[in-house]
Amino acid sequence: MSTASQAEDEQVKLWNGAAGRAWVETRDVLEAMFRPLEELLVRAVSDAGARDVLDIGCGTGATTFAVARALGPQGHCTGIDISAPMITAARARAEREGRPASFVCADAQTYPFAPASFDMIISRLGVMFFADPVQAFANLRRAARPGAALRLVVWRSAAENPFMTTAERAAKPLLPDLPARRPDGPGQFGFADRARVARILEDSGWGAIAIEPVDIALSFPATELTRYVGRLGPVGVMLQGMEEPRRTQVIETVRGAFARYVHGTEICFSAACWVVAARSPAETAHG
Ligand SMILES: C[S@@+](CC[C@H](N)C(=O)[O-])C[C@H]1O[C@@H](n2cnc3c(N)ncnc32)[C@H](O)[C@@H]1O
């Protein structure tokens, strides 16, 4: 198996297994925690006057629904995600709440979108996992209408986001098999290198590329910390298959490491992200 298809296979397994399950089980916490990033994208959609919007790596659909609400009956937001459990949760919510959004369960890197069908493509933290990002963004460019806007929020480096690696630093002595982060490979910090992101977009045919840093305050209730560390991130994924009493021992060790983020009843941290903007060429060669 080639390195690219191995990476793709790993992501499919992860998001349809432990990581996907964790995001579904903690969607209430994550939805509230990431709302400021969602608001940033909703504002961008409104400012662009977009009507047909595609949300990449939409997960359980929080941003997709927020954009659909902002578009109103004149517009439509479609979410695409590779994770069956997350898309199932998004579709169930759409049905329950009568939300005007639709969802596709597929790999956005290769999904045969109708050409030139979206006037804006967005993503909240959902584009760093492609095995071949140039192929993925070329595919998305073909799905975009000429002149369509692209707006992404992605993480900057792990070093600039110490909150996100607190659990693994604390757990490492107890979990020597914890997988190491791969800076430029598919994964949470895969788009940390600004020059690499610009190259990916240029090589896939996007223009007017602008990549700006944003630092956004995020928080969630301190009562949710155990649920957060017990399910999410590389440590949370490992904990899902762990027996007691080892599991409790790891959780207690990890919880202690978050002390500096506890402010009263909230866990507070800063998200160091890039906001990536680009445009599909006015005359797209749909090849
Ligand atoms: C960090 S989560 C973000 C979810 C959502 N955007 C949010 O903010 O709640 C990343 C998402 O990207 C999805 N994903 C990963 N690789 C993908 C691919 N090749 N095509 C579509 N979705 C993908 C995952 O299944 C996961 O739902």
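The legends below accompany an overview and several close-up views of a predicted model.

**Figure 1. Overall fold of the predicted model.**
The protein is built from twelve helices and eight strands. Its radius of gyration is 19 Å, close to the 19 Å that the globule rule gives for 287 residues, so the protein is as compact as a globular protein of that length. Measured out along the principal axes, the C-alpha atoms fill a box of roughly 60 × 45 × 30 Å, and 52% of the 287 residues count as buried.

**Figure 2. The ligand and the residues around it.**
The ligand is surrounded by 17 residues, of which Gly-57, Asp-81, Asp-107, Ala-108 and Arg-124 come nearest. By residue type, this shell divides into ten nonpolar, four polar and three charged residues. Polar atoms of the protein approach the ligand through both backbone and side chains: a polar backbone atom of Ile-82 lies 3.2 Å from a nitrogen atom of the ligand, and an N or O atom in the side chain of Asp-107 lies 2.8 Å from a ligand nitrogen atom. On the side of the ligand's oxygen atoms, one of them is 2.5 Å from a polar side-chain atom of Arg-124. The ligand taken alone exposes 600 Å², and the protein buries 96% of that area.

**Figure 3. A salt bridge between helices H3 and H6, and its network.**
Glu-31 and Arg-93 form a salt bridge in which the closest N and O atoms are 3.1 Å apart. This pair links distant parts of the chain, since Glu-31 belongs to helix H3 (residues 27–33) and Arg-93 to helix H6 (residues 84–97), with their positions 62 residues apart. Both Glu-31 and Arg-93 are buried. The pair also belongs to a network of salt bridges that links Glu-31, Arg-35, Arg-93 and Glu-97.

**Figure 4. A salt bridge between helix H8 and the loop that follows.**
In this view the side chains of Glu-168 and Arg-181 meet in a salt bridge, with an N to O distance of 2.8 Å. The two residues are 13 apart and link distant parts of the chain, with Glu-168 in helix H8 (residues 162–171) and Arg-181 in the loop between H8 and helix H9 (194–203). Which of the categories buried and partly exposed applies to Glu-168? Glu-168 counts as buried because its relative accessibility is 11%, under the 20% cut-off. Arg-181, by contrast, is partly exposed, with a relative accessible area of 28%.

**Figure 5. The pair formed by Arg-227 and Glu-224.**
Side chains of opposite charge can pair when their charged atoms come close. Here the side chains of Arg-227 and Glu-224 meet in a salt bridge at 2.8 Å, N to O. Arg-227 counts as partly exposed because its relative accessibility is 21%, whereas buried residues have under 20%. Over the whole model, the count comes to 14 salt bridges.

**Figure 6. Thr-64 and its contact with Asp-55.**
Thr-64 lies in helix H5, which spans residues 62–71. With a relative accessibility of 0%, Thr-64 counts as buried. The side chain of Thr-64 makes a polar contact with the side chain of Asp-55, at a distance of 2.7 Å.

Terms used. Residues are numbered from 1 along each chain as its sequence is written. This is a predicted model: local features need pLDDT of at least 70, side-chain atom pairs count only at pLDDT 80 or more; totals for chains, interfaces and linings use all residues. Side-chain values use heavy atoms; hydrogens and water are left out. A salt bridge is a side-chain nitrogen of Lys or Arg within 4 Å of a carboxyl oxygen of Asp or Glu. Helices (H or I, at least four residues) and strands (E, at least two) are DSSP runs, numbered from the N terminus. Buried means under 20% relative accessible area, exposed over 50%, partly exposed in between (1.4 Å probe, protein chains only). A residue is near a molecule or strand if one of its heavy atoms lies within 4 Å of it. A polar contact is a pair of N or O atoms within 3.5 Å; within protein, one must be able to donate a hydrogen and the other to accept it, and residues adjacent in sequence count only if both atoms are side-chain atoms. Accessible areas come from the Shrake-Rupley method with a 1.4 Å probe; for residues, only the protein chains shown count as cover. Ala, Val, Leu, Ile, Met, Phe, Trp, Tyr, Cys and Pro count as nonpolar, Asp, Glu, Lys and Arg as charged, and the others, Gly among them, as polar. The radius of gyration is taken over C-alpha atoms; the globule rule is 2.2 Å times the number of residues to the power 0.38.
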